[in-house]
Amino acid sequence: MRCPECDRLRIEFDRIVRRNMDVVSDYNTAVLKYEQERVELLRAALHDVELLRTEARIKLASHEETHFTERVMTAGQ
Ligand SMILES: [Zn+2]
């Protein structure tokens with residue numbers, strides 16, 4: 001069963017996960033190069049993107065939960 005909302009939320013989550021990996025990689029590079037200012041900036045960015053990732057995961061999980069409830073109700077009829 002295809003659900004456009006599931007697709008949209010998964011795409012959004014994947015996009016944030018990829019961005020998170022990019023920020024982590026930039027952060028590690030900055031740490032290795034002792035770029036203190038950049039490290040501070042990226043640490044803040046990392047914090048923000050991790051919040052977004054958590055939010056996107058919760059949104060996806062609670063949306064998928066609605067499908068599960070639908071299936072249970074259909075099965076009971
Ligand atoms: Zn869905």
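Hi everyone, let me start with one residue: Leu42, which sits in helix H2. Before I go on, please keep in mind that this is a predicted model.

So, is Leu42 buried or exposed? Leu42 counts as buried, because 21 C-beta neighbours lie inside 10 Å and the cut-off for buried is 20 or more. And which residues does Leu42 touch, once we leave aside its neighbours within four places in sequence? The contacts are Val23, Asp26, Tyr27 and Ala30. Take Asp26 from that list: along the chain, Asp26 and Leu42 are 16 residues apart, yet their C-alpha atoms are separated by 7.5 Å.

Here's a little background on helices. In an α-helix there are 3.6 residues to a turn, so residues three or four places apart point the same way.

Now let's step back to the whole protein chain. It has two helices and zero strands. Helix H1 covers 4-32 and helix H2 covers 36-76. H1 is made of 29 residues, and from its first C-alpha to its last it reaches 42 Å, close to the 42 Å expected at 1.5 Å a residue.

What comes between the two helices? There is a loop, and Tyr34 lies in that loop. Have a look at the backbone there: Tyr34 is not a glycine, although its phi is positive, at about 55 degrees. Tyr34 counts as exposed, because it has 8 C-beta neighbours inside 10 Å, and 12 or fewer is the cut-off for exposed.

Let's move along helix H2 to Ile58. Ile58 is exposed, because there are 10 other C-beta atoms within 10 Å. I'd also like you to find Ser25 on the model: Ile58 and Ser25 are 33 residues apart along the chain, and their C-alpha atoms are separated by 25 Å.

What about the overall dimensions? Along the principal axes, the C-alpha atoms of the protein chain fill a box of roughly 65 × 15 × 15 Å. The radius of gyration of the protein chain is 18 Å, whereas a compact globule of 77 residues would have one near 11 Å. As for burial, buried residues make up 1% of the 77 residues.

One last number, on contacts. If we take the contacts in the protein chain with a separation of 6 or more, 63% of them are between residues 24 or more positions apart.

To finish, let me take you back to where we began: Leu42 in helix H2, counted as buried. Thanks for listening!

Notes. Residues numbered from 1 in each chain as written. Predicted model: local features only at pLDDT ≥ 70, side-chain atom pairs only at ≥ 80, totals over all residues. Helix = DSSP H or I, 4+ residues; strand = E, 2+ residues; numbered from the N terminus. Rg over C-alpha atoms; globule rule 2.2 N^0.38 Å. Contact = placed C-beta atoms within 7 Å. Expected span 1.5 Å × (residues − 1).
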